[in-house]
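Me: I would like to learn how to read a structure one feature at a time, with the general idea before the particular case. Could we go through it together?

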Amino acid sequence: MRTRIINGTIYTKECKLLPGEVWVEDDKIVRVLTEGDCAPSHPAEDFADASIVDANGCYVLPGLVDVHSHGAMGHDFCDEDVEGLKAILAYEKSVGVTSYCPTSMTFPEEKLARVFAQIPKVQEHSDSRYARVLGINMEGPFISPAKVGAQNPDYVMKADAAMFRRLNEVSGHAISLVTLAPEEDGNMDFIRQLKDEVHISIGHTAADYPKADEAFSLGADHVTHLFNAMPAFAHRDPGVVGAATDHPHVFAEVICDLIHIHPSMIRSIFRFLGEERMVLISDSMEATGMEDGAYQLGGQKVNKKGPYARLSDGTIAGSVTCLYDGFKNAVKVGIPLESAIRLVTMNPAKSIGMEDQVGIIKEGNYADLLLVDQELNLIRVL
Ligand SMILES: [Zn+2]
């Protein structure tokens, strides 16, 4: 099956929007032609009889990559319900998120083992109706009791390498990211032992600058929702935010629902991290895509009202904004369009080492493509 997507404005691997064509064979991109490459004299070769998708007036973007989301449409990854997980993946694809990391909450090992065992079942029936599962984001339980956010404090524990490896085995070696608080006893050892097996994310932490700096020096390379569930960025105590900024290999997640972080701070993060290292995430929970009402997150009751999801004590509990809307928010608050696209495609893919499969329109990658009009309305998911 060969397809040529013509007349569109392509988001290239150099992060530029240029007129061009994308050629697709089966589920892979086989050719990207922009500007000079598109001269009429260029032979169409074996694509002469390809089916045509006319992208006139549209941007052709990589499908979005959400590396941190708990659920949507009334379902949560931790429900242990494969059909529910498929409903989440179908919703994500419908809103332009073609790659997805189901994200777990703080639970005991037995429960996490049942949750993670869903992944091989979903991957075995991969289906074009669903977003691609890139891997699991394990957000708990190796976090700080002082910075649980909406995680359940009853199950917080010190990082345990043997437990991590057992869970990774059950998941079919699908864990891409694990969050930990480096200041907790023994957690630096976990980084030393596991840094080559999984991307280690610093988060839900009370770490000061020296602890965070040590964690990144040891090989942690990611931050779980920068600014949320960690000490503030203070001028004499810059904490995780300052340490992440100082280590150029570190990617930082940012929730862009404009509730977790003020628009001015979104712009500031963009300025001090640059467009290479900022990763927008949804951190969405099951009420995403649903009416206002009562829901749950990690076994705790959450009330959704408009754009807010809160525990009964008022703590913000995940977001109800999908990543596509987060992308539009980023543009709305002033991030240049070509950079904003990068923050939801290439950067999240790179942050978990998947950029040679998804997140970039280049030869060999999956042809997960979006047609988007000039007002950034999602027109079609290819
Ligand atoms: Zn989360």
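Me: Which sign does the phi of Gly219 take, just after α6?
Reply: Before anything else, please keep in mind that this is a predicted model. As a general idea, most residues other than glycine have a negative phi, and most peptide bonds are trans. In this structure Gly219, placed just after α6, has a positive phi of about 130 degrees.

Me: Where is Asp26, and what is its phi, given that Asp26 is not a glycine?
Reply: Asp26 sits in the loop that runs between β2 (17–25) and β3 (28–34), and although Asp26 is not a glycine, its phi is positive, at about 55 degrees. Asp26 is also exposed, because 10 other C-beta atoms lie within 10 Å, and a residue is called exposed when that count is 12 or fewer.

Me: What can be said in the same way about Leu376, its phi and its loop?
Reply: Leu376 belongs to the loop between β20 (369–372) and β21 (378–381), and its phi is positive, about 70 degrees, although Leu376 is not a glycine. With 16 other C-beta atoms within 10 Å, Leu376 is therefore partly exposed.

Me: Which two residues are joined by a cis peptide bond, and where does Pro141 lie?
Reply: The cis bond joins Gly140 and Pro141, with an omega of about 5 degrees, and Pro141 is part of the loop between β11 (136–138) and α4 (161–170).

Me: Which residues of helix α6 are buried, and what covers them?
Reply: A general idea helps in reading a helix: an α-helix has 3.6 residues a turn, so residues three or four places apart point the same way. In α6, which spans residues 209–218, the buried residues are Lys211, Ala212, Asp213, Ala215 and Phe216. The cover over the buried residues of α6 includes α5 (187–194), β13 (199–202) and α7 (239–246).

Me: How do the axes of α5 and α6 cross, and which residues meet there?
Reply: The two axes come within 9 Å and cross at roughly 15 degrees, which means that α5 is roughly parallel to α6, angles under 35 degrees being counted that way. The crossing is right-handed. On the α5 side Met188, Ile191 and Arg192 meet Glu214, Ala215 and Leu218 of α6, and by class this contact divides into four nonpolar, no polar and two charged residues. Ala215 thus appears twice in our reading, as a buried residue of α6 and as a residue that meets α5.

Me: Are α9 and α10 roughly parallel or roughly antiparallel to each other?
Reply: Helix α9 (residues 323–332) and helix α10 (residues 337–344) have axes that come within 9 Å and cross at roughly 150 degrees, and α9 and α10 are therefore roughly antiparallel, the cut-off for that word being an angle over 145 degrees. The crossing of α9 and α10 is right-handed. Leu323, Phe327, Ala330 and Val331 of α9 make the contact together with Leu337, Ala340, Leu343 and Val344 of α10, and the classes are eight nonpolar, no polar and no charged residues.

Me: Is Val302 buried or exposed?
Reply: Val302 counts as buried because 24 C-beta neighbours lie inside 10 Å, and a count of 20 or more is what that word requires. Val302 is placed in strand β18 (residues 300–305), and, leaving aside residues up to four places away in sequence, the residues that Val302 touches include Met285, Tyr295, Leu297, Leu311 and Ala317. The C-alpha atoms of Val302 and Gly314 are separated by 9.3 Å, with these positions 12 residues apart along the chain counted as their separation.

Me: Which domains does the assignment give, and how far apart are their centres?
Reply: The domain assignment gives domain 1 (2–61 + 365–381) and domain 2 (64–351), and 31 Å separate their centres, taken over C-alpha atoms. Domain 1 brings 10 residues to the contact and domain 2 brings 13 residues. The side of domain 1 that touches domain 2 has eight nonpolar, no polar and two charged residues.

Technical notes
Residues are numbered from 1 along each chain as its sequence is written. This is a predicted model: local features need pLDDT of at least 70, side-chain atom pairs count only at pLDDT 80 or more; totals for chains, interfaces and linings use all residues. Axes are lines fitted to C-alpha atoms, for helices over the stretch in contact, and angles run from 0 to 180 degrees between N-to-C directions. Helices (H or I, at least four residues) and strands (E, at least two) are DSSP runs, numbered from the N terminus. Angles under 35 degrees count as roughly parallel, over 145 as roughly antiparallel, 65 to 115 as roughly perpendicular and the rest as oblique. A crossing is left-handed if the near helix is turned anticlockwise from the far one by less than a right angle, and right-handed if clockwise. Two residues are in contact if their C-beta atoms, placed from the backbone, lie within 7 Å. Ala, Val, Leu, Ile, Met, Phe, Trp, Tyr, Cys and Pro count as nonpolar, Asp, Glu, Lys and Arg as charged, and the others, Gly among them, as polar. Domain bounds come from an automatic or database domain assignment.
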